[in-house]
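Subject: Handing over the structure

Dear colleague,

Here is the structure I promised to pass on to you, with the sequence alongside. Please open it first, and then read the notes that follow with it on your screen.

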Amino acid sequence: MTVVSGPTPAEWKQWEEQGYLVFENAIGGEMLDRLQQAFDHWAAACKAEWLDKIARGELAATYYDIPNVLEKDEVFIDILDQPRYFEYVRAFTGDDMIFIGEQVRTAPLWPMGYTGWHPDVPPDHPLHIKVQVYVNDVERGGGEFAYVPGSHRPGAGPYPRVKNLEAMPGHKRFPGGAGTAIMFNTYGWHVAMENHTGIPRKSIILTYEKRTPGKIDPGRYAHLAPWLNTPDRLRLFGMS
Amino acid sequence: MPRIDAHGHVFAKVTREFPREAGGNTPPEREETVEKLMTYMAGSNIDQAMLVQIGGTSVAQHAYLLHCLSTYPDRFLGIGLIPESAYGAPEEHMDRLSDGTGIVGFRLGMVGGPPDPFDAVDVRTFATYPIWRHAAKKDLVLWLYVRAADAHLIAWLVDAFPQVRVVINHLGICPGLGKGRTDRWGRPQIDIVPYNPAFHTTHRLSTYENVTMKLSGHYAFSKKPYPYPDLAGWHKHFLGSFGADRLMWATDFPWIYEEPGYDKLAGLIGETLPDIKPHEYEAIMGGTARRFLRFPDLK
């Protein structure tokens, strides 16, 4: 498959050295409207189930993921291969990527962050990429994503276990408008900063990975086949 | 450095002198005396312990706990209970139980704020706010083993009362509705999910210097027998996040006398954290409890 567009040499360099890229207005216009409407609709529709699972000790109250979003609205599939960032996923994985998961997440207000600084996977794991798309405007101090540039590189660190998230040496914060997408290598240390704005942060976290044999069960997403209507989507879901 | 078991329960048979509520694992004729506990402690070189009230919330039902504390004042401290009916004005109850008695704090099973995490928060409206306010005034410890629905609400009060010493019970797990039962040894059992909500609620309280975590209750949560290897990673995580100076080992006696046995639990930290530094081990096995809970000098 041919790469239609993708990283410039400067973006390649930043990805390799810093471990992240930012795409302002990656989602906009009608697509963003659809996304926001579906997000709010399903967040409201599934909330009672979430509260029930909190009471039963099965889910945390400090972040809220709409369950099984791929089955709820086509826009949650459409967002997976938006060219503004998907061409970069394609390039960085050598055009050989699979879909790992999608978290459609609202983070309620809380006195601290719902997680501490962390990498997601160790560096010997196949390349693991996340794209975080803001669904509402996220200002500085509004639970924005933050990353330690370069922390994905072999030999980086060690990084301290800081109690105050702002105390992490060398970190960079990423406020942004609705539709902004931040792509990062999850070997690197990252976090959601504390939110002191009074506005819960809404975002979608897309996870991709360099394909490895047996990682994805072709039958897992068979029920979504009618919506997996491009070769890219079939490959992402391990169906070709 | 004394070795301190930071959590467990003693109770007498139900009598006029020692009234208490009876329950499934605390029938009227059962007794788990402090002298029996002291025998187990001696066998494992444990010097002191925290006795946590069981068998009712009224002042009268604290009689056996108060008896133990007055009989062995250099060996034990106590944690009391508060009736929910007194949450709105708990001061008199808290003072009666804690003034010069050896009871140094109170255990809470709820927080009492808005259950919807998206609702506006005003801690002054929380059901337990008067308790926190009085604990702050009287320098009392709050001992938290709250229901799952309230796990995220603790942080608001901890944030509002940085002067209150808080002990998070039993690995920070907050029991879910309908998840409790009793096993064949009469021990409480709580079904938990592996990716536990505590990771994003009570475990995050390591941010606050006034919060400590108790390494106890494994028997109730683990899917594996002693030394509970499925929870060993939690200990390692706590050591990194809270640090040994804010971790306390405990057995949750008497539920563990038979299985796995007091002596085995006294060796749990060595089993789960084999590479721990000596000063960290001493802190978890007593140093933290001595400092944070202010255990008296042994005579």
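A good place to start is the pairing of strand β3 (residues 97-107) with strand β9 (residues 201-210) in chain A, which run antiparallel to each other and are joined over ten bridges. As you look at this, please keep in mind that the whole model is predicted. To find the register of the pair, you can take A:Ile98, whose bridge partner in β9(A) is A:Glu209.

These two strands belong to an open sheet of six strands in chain A, in which the order is β1-β7-β4-β9-β3-β2 and the pairing is antiparallel. The edges of this sheet are held by β1 (20-23) and β2 (64-65) of chain A, and because each of them has a single partner strand, one side of each is left without a neighbour in the sheet. Helix α1 of chain A, residues 9-18, packs on the sheet and touches β1, β4 (128-134) and β7 (181-185) of chain A, while its direction makes about 130° with that of β1(A).

Chain A also has an open sheet of three strands, again with antiparallel pairing, and here the order is β6-β5-β8. In this sheet β6 (172-174) and β8 (190-192) of chain A stand at the edges with a single partner strand each, so that one side of each has no neighbour in the sheet. From one strand to the next, the twist averages 25°. Strand β5 (residues 145-147) of chain A runs antiparallel to β8(A), to which three bridges join it, and within β8(A) the bridge partner of A:Tyr147 is A:His190.

Turning to the contact between the chains, 28 residues of chain A and 29 residues of chain B take part in it. Together, chain A and chain B bury about 2,400 Å² between them, with 64% of that area on carbon and sulfur atoms. The count of salt bridges between chain A and chain B is two, and one that you can inspect directly joins A:Glu58 to B:Lys179, where the closest N and O atoms are 2.6 Å apart. Across the same interface of chain A and chain B there are ten residue pairs in polar contact, counting pairs in which both residues are at pLDDT 80 or more. On the side of chain A that touches chain B, helix α2 (residues 29-55) of chain A gives the most, with five residues, and by class that side has 17 nonpolar, six polar and five charged residues.

Some details of the backbone may also deserve your attention. In chain B, the peptide bond from B:Phe253 to B:Pro254 is cis, with omega near 5°, and a cis peptide bond also joins B:Glu259 and B:Pro260, with omega about 5°. B:Pro254 lies in the loop between β10 (247-249) and α8 (262-266) of chain B, and B:Pro260 is likewise found in the loop between β10 and α8 of chain B. In chain A, A:Asn68 has a phi near 50°, a positive value in a residue other than glycine, and A:Asn68 lies in the loop between β2 and α3 (75-78) of chain A.

Lastly, B:Tyr145 is found in the loop between β5 (141-144) and α5 (154-160) of chain B. Leaving aside residues up to four places away in sequence, B:Tyr145 touches several residues, among them B:Arg107, B:His170, B:Ile190 and B:Phe221.

With kind regards

Methods:
Residues numbered from 1 in each chain as written. Chains lettered and ligands numbered in written order. Predicted model: local features only at pLDDT ≥ 70, side-chain atom pairs only at ≥ 80, totals over all residues. Heavy atoms only, no water. Contact = heavy atoms within 4.5 Å. Buried area = accessible area lost by both parts, 1.4 Å probe. Salt bridge = Lys/Arg side-chain N within 4 Å of Asp/Glu carboxyl O. Polar contact = N/O pair within 3.5 Å; in protein donor to acceptor, adjacent residues only side chain to side chain. Helix = DSSP H or I, 4+ residues; strand = E, 2+ residues; numbered from the N terminus. Nonpolar A, V, L, I, M, F, W, Y, C, P; charged D, E, K, R; others polar. Pairing = 2+ DSSP bridges. Axes fitted to C-alpha atoms, helices over the stretch in contact; angles between N-to-C directions.
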